[in-house]
Amino acid sequence: MAEQLIELNVTGMHCNNCALSIHKLLEKKGLSNILVDFASEEVKFSNNDTTSLPGIIKDIEGLGFKVVDDPATQITPFYEKVENKFIFCAILTAPLLLHMVLPWHFLHNPIVQLLLCLPVFLVGCLHFGKSAINSIRGGVPNMDVLIFVGSTAAFIYSLVGTLQNMGEQYQFYETCATIITLVLLGNVFEKRSVTQTTSAVKDLIKIQQVNANRVINGEVEIISAKDVRPGDTLIVNQGDKIPVDGEVLSGSASVDEAMLTGESLPVEKEKYATVIGGTIIQHGNITMLATKVGSNTVLAQIIELMKKAQAAKPPVQKLGDKVASIFVPAVILISVITFVLTYFAGHTSIQAALMHAIAVLVISCPCAMGLATPTAVMVGLGRAAKNGILIKGGDTIEAVAHTKYVVFDKTGTLTTGKFRINEIKAEGDASVEQIRGVIMAIEERSSHPIAKSLVNELKTLPQVKVILKAAKEEKGLGMRAEDVEGNHYFLGSGKAADESGFNISLYKNQKLLAQIAIDDEIKPDAAMLIAQLKKMNIIPVLLSGDKNNRCLKVAKLIGIDDVHSEKLPEEKLTVIDIYKQKGKTVMIGDGINDAPALTKADVGVSMNDASQVAIQSARVILLNTDLHSVVKFLQISKHTLLTIKQNLFWAFAYNIIAIPVAALGFLNPMLGAFTMAFSDVVVIGNSLRLKRKKVDS
């Protein structure tokens, strides 16, 4: 049986750790192409046995999540929203922290502290406990285990001290509440940054949701594109989207196919030509025969490619979780050894031994380790945003580290998408100024998008003015004109455009007057960007659906050696896959045809003026059109990752020193609480340093 891509809507995931526990469950079941996105509440995987699906759903729900038909109809209860949990905990934690600086005696009362801490502790148990238990079941303890164990240890330590009436030095209620509240804050930021991503697939489906004008017995009726059947006759007018794939029966049109094929120039369509659903008629009208509808259309296949590319993305396990998977078992083991040695070898009371063991768990700083990644990521995301770079989700910063290849689309990415004259080759004795004058006079009368670009360029260049008596457009061919002196002109597509680079010919009285090479202009900073990437030991690659000679010309001008041209969306995926196997690959593109490749790459980057689908598929959006943002993004990511590593090193070093001291019973618990708080301040301070740090290196 062929593998089928299953999509489930799963509610109840609040952070990356939840997603990780579902991912590990599905991996254990031997499923492939797993994607778990906690923000969009989507779980995807490939399965060749549909009979096992009810069992898989039951196991996912066994982890404490809920599989629903439509998440849009599900209303998340007020108390389940992570933002509301954070606000509730912050209100109760504030007075617990204030008691350390304010002389209000009632706040020093252990019963008051217990009553303030208990609701926060219960929220923490429910929120982090589920993820912690599931991660232990999965065999890879995550940060939530440390947070759960640390807060529980602090609470039990304090509760025993309160019940035994042992004095204020045994009160750790503020530590317990602060751990939970600060990590909830981290979850809020994580959810917010990831929720900015909406599903690109949903946007692609919107493109399919257009109306079609169907002709039946000479009458035109408006129907939905999904109701079109093969063999239907459709009328498509200027400015309309072509509803489905088909063939032109009559009429002619200039069709913008750039977003689906990467072809920079609008394509002229005449009788018998094939047209693609989702492309736009810029000029002209056609009557067409529907040939491919529904899942057989090119657009539907791109949607399918997108789903598969998304599903093939493994989750990025956070650096903090990698450290926690070693650190958590180590701390718990030291705590147990401390209890055993203190009680049996040290011959102390069980109560003292227990206090020493719990002190180890309290002193070990899950707070600093829990804050190490989210604080640096928050500052890094903010720094990037100030530079016009929107990064969706903190894991993108980790994914982009050690980038080896940057793959560029051509049209709209390295080029502006605006057309200019590269060369005019005069065939007769006419001067370039005379030829410019004729082109200007003719193109002023045309509404074609290329004509508008050329008129804007020619306005500023010297030319001999030509006055036309008449001009008319021949759809799919070009423009015919007559001047006041009776000369006849024709300006239209060149015959040998691909071989010679000249793609427009100008005739005067049926004699070739000039050949013109036009192309979309290269962005001014493209060559500088490629040079900077090479300095950073990153290999630039050009990957486009455009014609080979255009791609080679652009690549040569800006210094790219690796060129892949005339590639369809599925072929782009194959190329990205080859580079990914050789090293970390970033893809930069702007069209719908780039969307699957943007998703497939380790990190997809899109321009702000790109198609909406490219923007949604990418994990990074460059708001500035200048390409220097690409280098800035790579530099900010590198320094953010460096800050995360520094934070984790500090948190780890603190624990290496503090834990043995606590285990030997030398650390006063109040001093421990202070050093633990100081550890948090160092981590947050180091992260804030990233705001102003020089990142050019």
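Contact, as the word is used for helices and strands in these views, means that heavy atoms lie within 4.5 Å of one another. The model shown in every view is a predicted one.

**View 1. Helix α17 lies across strands β13 and β20 of an open sheet.**
Helix α17, made of residues 526-535, lies across β13 and also across β20, which covers residues 539-543, and the helix runs at about 160 degrees to β13. The open sheet has 7 strands, which follow one another in the order β12-β24-β23-β22-β13-β20-β21, and their pairing is mixed. Because β12 (389-391) and β21 (562-564) stand at the edges and have a single partner strand each, one side of each is left without a neighbour in the sheet. From one strand to the next, the twist averages 20 degrees.

**View 2. Strands β13 and β22 pair in the parallel sense.**
Strands of a sheet pair through backbone hydrogen bonds, and this can happen in either a parallel or an antiparallel way. Here strand β13, residues 403-408, is joined over 5 bridges to strand β22, residues 584-589, in the parallel sense. A pair of residues to look for in this view is Tyr 405 and Thr 585, since Tyr 405 stands opposite Thr 585 in β22.

**View 3. Strand β14 pairs with β19 in an open sheet of 6 strands.**
The strands of this sheet are arranged in the order β14-β19-β18-β17-β16-β15, and their pairing is antiparallel. At the edges stand β14 (415-426) and β15 (468-474), and because each has a single partner strand, one side of each is left without a neighbour in the sheet. Neighbouring strands are turned against each other by 20 degrees on average, direction ignored. β14 and strand β19, which spans residues 511-522, pair in the antiparallel sense over 8 bridges, and Arg 420 stands opposite Asp 519 in β19.

**View 4. Strand β3 is buried on both of its faces.**
In a regular strand the side chains alternate between the two faces of the sheet. In β3, Glu 42, Lys 44 and Ser 46 lie on one side while Val 43, Phe 45 and Asn 47 lie on the other, and all of these residues are buried. Since 6 of the 6 residues of strand β3 (residues 42-47) are buried, the strand is largely enclosed by the rest of the structure. Strand β1, residues 4-11, runs antiparallel to β3 and is joined to β3 by 6 bridges, while strand β2, residues 32-37, pairs with β3 in the antiparallel sense over 4 bridges. Glu 42 in β3 stands opposite Asn 9, and Glu 42 is also the bridge partner of Asp 37.

**View 5. Thr 11 lies in strand β1 and is buried.**
The relative accessible area of Thr 11 is 15%, and Thr 11 counts as buried because this value is under 20%. When residues up to four places away in sequence are not counted, Thr 11 touches Glu 41, Phe 65, Lys 66 and Val 68.

**View 6. Six residues, including Ile 350, make a nonpolar surface patch.**
The patch has an area of about 520 Å² and is made by Ile 332, Val 336, Val 340, Tyr 343, Phe 344 and Ile 350. Helix α10, residues 319-345, gives the most to this patch, with 5 residues, whereas Ile 350 is found in helix α11, residues 350-363. Ile 350 has a relative accessible area of 53%, and because this value is over 50%, Ile 350 counts as exposed.

Key
Residues numbered from 1 in each chain as written. Predicted model: local features only at pLDDT ≥ 70, side-chain atom pairs only at ≥ 80, totals over all residues. Heavy atoms only, no water. Patch = residues over 30% accessible without salt bridge, like charges linked within 9 Å, V, L, I, M, F, W, Y side chains within 5 Å. Areas by Shrake-Rupley, 256 points an atom, 1.4 Å probe, with all protein chains shown as cover. Salt bridge = Lys/Arg side-chain N within 4 Å of Asp/Glu carboxyl O. Helix = DSSP H or I, 4+ residues; strand = E, 2+ residues; numbered from the N terminus. Buried < 20%, exposed > 50% of the residue type's maximum accessible area, 1.4 Å probe, protein only. Pairing = 2+ DSSP bridges. Axes fitted to C-alpha atoms, helices over the stretch in contact; angles between N-to-C directions.
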